Amino acid sequence: MLKNYLKVALRNILKHRLFSVINILGLSVSMATCLLIILLVYSQKTMDGFHEKRDRIVRVLSLEDSRSFASTPLPLGEMLSENYPHLVEDAVQIKSSFVGGDIIYGENRIPLAGRYADDRFFAVFDFNLIAGDIETVLKAPFSIVLTKKSAEKLFGETNPIGKSVKLNDIGLNTMGIDLIPTQNKETLLGDFVVTGVTDNTSPSHIQFDFLVSMSTLPSLVKQGKSDITFDDWENYFDAYLYLLLKERVSEKDLQPILNDVSSTKYSGLEEVNIAFAVEKLSQINLSRFHNNDISLRMPVEVIYVLSFLGFIVLFSACFNYVNLSFARSLTRSKEIGVRKTMGAARYQVFVQFILESILVGLLSLAVAVGLLQVLSRMFLGLWMNQFLLLDFRFDMVLFLVFILFSIIVGLLAGVLPASFLSSFSPIKTLRNAKGILLEKGKGIHLRKGLVVLQFCASLLFITTTLLIFSQLNYLMEKEYGFDQNHIINLKLQGVDYGTLAGELSKNPSIQSISASSFVPGTGGYSGDVLIKNRFSEGETDLTSSYIAVDQSFIPNLKIELKAGTNFPSQMPGYNEEYVILNEAAAKLLGHNMTPEEVVGETILIGEDHTPVKVIGITANFIYDLLTEAEPTDPLVIRYLPHEFAYLNIRYAPTASTKSIISYAEQKWKGMDKVHSLKYHLYEDELKGTNAIFSDIIYILGFISFLTITISTLGLLGIAAFTAESKRKEISIRKVHGAQTKNITYLLSKGFLPLFIIAVLVTVPLSYFVNALWLEEFAYKVNFGPWIFIVGVGIMFITGFGTIVSQTLSVANDNNLLKRLKEE
Amino acid sequence: MLLELKNIFKWVNSGGQRIFLLKDINLSVEEGEFISVMGPSGSGKSTLLNVIGMLDTFDEGEYHFLDESVHTLKEKYRSNLYKEYIGFVFQSYHLLDDLTVYENLEMPLLYKKYKGTERKAMVGDMLDRFSIVGKKDLFPAQLSGGQQQLVGVARALIGKPKLILADEPTGNLNSQQSEEIMGLFKRLNEEDNVTIIQVTHSEKNAAYGSRIINLLDGRMI
């Protein structure tokens with residue numbers, strides 16, 4: 001029976017090639033998109049799957065207001081494991097900030113980034129410890145465990161165990177991204193003994209080049225090299241806490257205890273109120289966004305959005321299948337009639353058609369898996385994914401999931417047509433040689449509805465993509481309020497800026513050099529500072545961002561001074577005496593004063609209300625990411641040499657960028673032999689900050705391309721069958737003198753109302769949805785009607801192009817008379 | 001008695017008027033009969049055949065098939081009944097284009113839960129009997145009309161029905177092919193005692209049967 005069904009299905013697929021190609025093509029491209037999402041979810045789900053006790057490991061989260069943090073107060077771990085041994089078998093804490101810098105062994109000096117972890121680390125997690133004892137590797141102060149890779153870099157073939165290395169902290173992080181604030185200072189932490197080597201190549205959300213024992217920290221505090229406190233319940237940024245629960249204890253059993261802890265510790269406090277929650281290890285990589293997370297990952301919200309887009313495309317492809325199957329019911333009705341007269345029950349016919357659609361689903365899967373290879377490579381190439389831990393591996397389970405998925409898709413696509421087709425009564429199908437008439441019955445409304453839906457989805461995606469594209473263009477061309485051309489920003493990485501600037505300024509092509517704590521407009525950030533008017537007793541402090549710069553910064557970046565002066569060339573070394581404000585900050589402070597009047601005023605800044613004199617007011621310039629920035633963001637420009645982290649080099653427009661870089665490279669090597677020169681062309685860097693938009697445009701553009709392609713394919717199919725089923729009508733009309741254009745009009749006009757309905761529904765919807773996100777931007781493009789005009793235009797041309805091409809082929813058929821005779 | 005129709009009426013409502021398709025049909029058929037139904041176009045021949053074949057319903061009257069009262073049966077039992085006892089032959093053969101001759105013959109058996117080996121034997125037997133073994137892997141489009149109808153008859157017979165209903169079985173055939181098919185029906189009727197009811201326009205074909213029923217405007221005359 002099954003064999004017979006499959007045989008018939010296969011012959012049908014081969015016989016009606018246009019129909020099959022449209023279905024398989026549409027289904028496979030949309031399935032490939034969904035497979036990518038499955039792959040993504042699966043890879044996130046299986047990450048950290050190598051820990052034997054994974055089902056019992058949970059991470060504790062801190063919740064404050066509506067925000068959740070992946071980190072917890074440091075004393076929480078010990079408190080839980082000591083007081084609740086019946087629930088908590090073991091606990092491990094990892095310090096939240098990196099310990100990063102250079103590890104020095106003899107002549108070898110390697111930049112590596114690691115973490116402080118306590119001695120239970122290898123007992124709870126199953127990172128493979130190649131050398132060393134699980135219980136003791138991280139016990140003693142000044143113990144260090146290297147990864148296999150780090151050990152090879154540092155020691156080569158030599159056995160590293162028992163060797164002593166020096167660790168120099170300069171705030172490197174393993175993620176290698178610049179968004180995390182960096183300080184330009186070095187701390188020699190001391191000598192560490194290598195106690196173990198681990199192979200951490202299994203995919204995990206905990207990333208490190210080495211681990212240092214947590215017990216080192218008290219010694220560092222004593223030496224004044226760290227200011228961490230171990231009993232501070234109000235600071236929930238310091239540590240990640242992982243608990244190993246006892247057998248048969250669930251995270252729900254833990255929750256009341258955490259609630260107790262929270263209420264005893266925080267009920268007396270007014271300012272801090274933290275609640276705790278737990279999340280299973282297997283959920284960590286698939287949960288919603290947490291602040292201060294241990295590693296960057298794709299928040300589950302993004303996966304939801306991607307899945308939503310994937311399913312729209314998939315449904316669109318299934319619509320095609322439904323649509324075309326209904327259209328083809330004409331040709332299948334005789335078969336159904338015969339099978340039923342020969343004794344087939346309805347369910348048997350139903351099963352036959354379902355099997356056929358499942359077969360189409362499986363064939364599409366084969367194509368989709370091929371497409372997935374290309375698609376996943378494209379996806380991994382997206383800008384955002386360089387920061388994420390993504391590890392696509394194929395295995396048997398994944399393969400089965402894929403097959404199951406394609407069967408579900410087949411069912412989804414096939415269930416409506418199958419139940420429709422199997423409902424045909426044999427007498428009706430056999431009586432009319434023409435079978436069930438296309439334009440009659442319940443099918444037609446459904447099919448029209450589906451066509452409208454496809455039109456809607458396409459139009460929504462086209463307009464959204466167009467809008468995002470024009471917003472990106474707008475941001476790319478936006479004036480920042482400073483001159484970013486011909487500037488190279490160079491990361492100091494601990495090198496003394498005065499010396500380096502002195503060396504660099506010897507090059508005649510370099511016009512001026514300045515220093516800053518972050519590079520405006522690139523997402524860097526120095527922090528906030530409290531500011532206050534001197535005579536505003538009792539008023540609350542105001543908050544403003546600040547940037548630390550030297551005297552050359554304002555002229556170097558050509559920032560406009562509205563009033564007052566720049567920092568004098570001789571600045572007092574120690575105490576901060578002068579500040580410059582931007583107009584927004586002046587306004588924030590000045591209430592009713594004009595910016596000019598603020599100059600010369602003394603204001604109080606910082607927690608200890610240091611009095612400083614305002615010597616200048618600059619025009620507002622965009623210092624935050626353009627996507628985040630508001631025109632009213634206040635900024636305090638301060639002279640704080642110890643915070644300088646970047647050099648801004650302005651070179652002559654006539655000089656070649658390459659020669660400046662190689663010159664800088666050469667000077668750099670003379671001063672820092674370990675770290676390579678890190679630099680960006682300012683102009684490119686600013687453009688790069690909008691890279692997330694390019695990602696969104698790639699993704700949405702791809703999805704709109706798919707929806708348009710799929711709906712065009714669907715239209716093609718429908719138009720072909722409409723034309724086919726009206727051959728007789730066309731012949732009769734032609735015999736009576738109708739011309740090609742009349743016929744084309746006749747066949748196309750049915751789609752026009754559908755198109756108009758889709759436009760009427762989608763334009764307001766798209767306007768509403770897009771205005772919603774566009775509102776989030778202070779700097780935004782004008783959302784005019786042209787986007788809809790272009791969008792509708794594209795739809796109209798592709799849609800009607802398809803229909804007309806099909807109808808023309810029928811209308812121009814000169815054998816019509818002959819066909820009529822055959823009828 | 002194989003089947004009996006008592007006061008069968010069938011009508012459709014069109015424009016406020018009731019149009020009768022079948023009017024007061026009384027007919028009893030004994031096993032082994034060969035009946036020809038004749039009449040002009042629109043006289044209700046095919047409708048009568050479909051009612052007998054249980055593919056179509058009627059509005060009034062009683063229908064007994066073997067010991068069952070068809071008019072009281074539910075759809076499901078009715079289809080089980082015709083599945084088991086009735087074979088259909090159509091004017092335009094209605095072979096499935098995507099199936100070979102062999103598969104077309106096998107198809108009704110699939111719905112009757114025969115085992116694979118049984119099916120093989122039954123199809124092989126039928127191919128032998130109709131001397132179409134050499135054509136078993138051909139598709140209907142590769143056969144002449146007469147050969148297609150031969151397969152159609154073989155398919156109707158394969159489930160060993162008591163009754164064969166043939167709606168103008170030779171309507172699309174030339175005279176030589178027609179004679180072959182009619183000869184086949186005659187043999188089936190005489191040698192295998194299969195009851196046959198055929199609809200035909202041709203006096204010549206009607207003569208093969210043992211009884212002729214004439215219809216006009218839905219009435220037997």
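Below are four short exercises on this two-chain model, each with a worked solution.

The structure is a predicted model, in which local features need pLDDT of at least 70, side-chain atom pairs count only at pLDDT 80 or more, and totals for chains, interfaces and linings use all residues. Residues are numbered from 1 along each chain as its sequence is written, with chains lettered from A and ligands numbered from 1 in the order in which they are written.

**Exercise 1. A buried strand**

Task: find out how many residues of strand E11 (residues 239-245) of chain A are buried, and which strands it is joined to.

Solution. Start with the terms: strands (E, at least two residues) and helices (H or I, at least four) are DSSP runs, numbered from the N terminus. A residue is buried if 20 or more other C-beta atoms, placed from the backbone, lie within 10 Å of its own, exposed if 12 or fewer, and partly exposed in between.

Next, count: 7 of the 7 residues of E11(A) are buried, so the strand is largely enclosed by the rest of the structure. Ala239(A), Leu241(A), Leu243(A) and Leu245(A) point one way, while Tyr240(A), Tyr242(A) and Leu244(A) point the other way.

Then look at the neighbours. Two strands pair if DSSP finds at least two bridges between them. Strand E3 (residues 88-95) of chain A runs antiparallel to E11(A), joined by 7 bridges, and Gln93(A) stands opposite Leu241(A). Strand E1 (residues 57-64) of chain A is also antiparallel to E11(A), with 3 bridges; here Ile57(A) has Leu244(A) as its bridge partner.

**Exercise 2. Two helices that cross**

Task: describe how helix H1 (2-15) of chain A meets helix H11 (residues 346-380) of chain A.

Solution. First, the geometry: the axes come within 9 Å and cross at roughly 55°. Axes are lines fitted to C-alpha atoms, for helices over the stretch in contact, and angles run from 0 to 180 degrees between N-to-C directions. Angles under 35 degrees count as roughly parallel, over 145 as roughly antiparallel, 65 to 115 as roughly perpendicular and the rest as oblique, and H1(A) and H11(A) are therefore oblique to each other.

Second, the residues. Contact requires C-beta atoms, placed from the backbone, within 7 Å. H1(A) contributes Tyr5(A), Leu6(A), Ala9(A), Leu10(A), Asn12(A) and Ile13(A), and H11(A) contributes Gln352(A), Leu355(A), Glu356(A), Leu359(A) and Val360(A). By class they divide into 8 nonpolar, 2 polar and 1 charged. Here Ala, Val, Leu, Ile, Met, Phe, Trp, Tyr, Cys and Pro count as nonpolar, Asp, Glu, Lys and Arg as charged, and the others, Gly among them, as polar.

**Exercise 3. An antiparallel sheet**

Task: work out which strands stand at the edges of the open sheet of 4 strands in chain A.

Solution. Write down the order, E14-E22-E13-E23, with antiparallel pairing. E14 (510-516) and E23 (679-681) each have a single partner strand, so one side of each is left without a neighbour in the sheet. The twist averages 20° from one strand to the next. Inside the sheet, E13 (residues 487-491) and E22 (residues 646-651) of chain A pair over 5 bridges, with Arg650(A) as the partner of Ile487(A).

**Exercise 4. A mixed sheet**

Task: identify a parallel pair in the open sheet of 6 strands in chain B, and the helix that packs on that sheet.

Solution. The order is E6-E7-E8-E3-E9-E10, with mixed pairing. E7 (residues 163-167) and E8 (residues 195-199) of chain B are a parallel pair with 5 bridges, where Leu165(B) partners Ile197(B). Finally, helix H1 (residues 45-52) of chain B packs on the sheet, touching E3, E7, E8 and E9 of chain B, and its direction makes about 150° with that of E8(B).

Terms used: Two residues are in contact if their C-beta atoms, placed from the backbone, lie within 7 Å.
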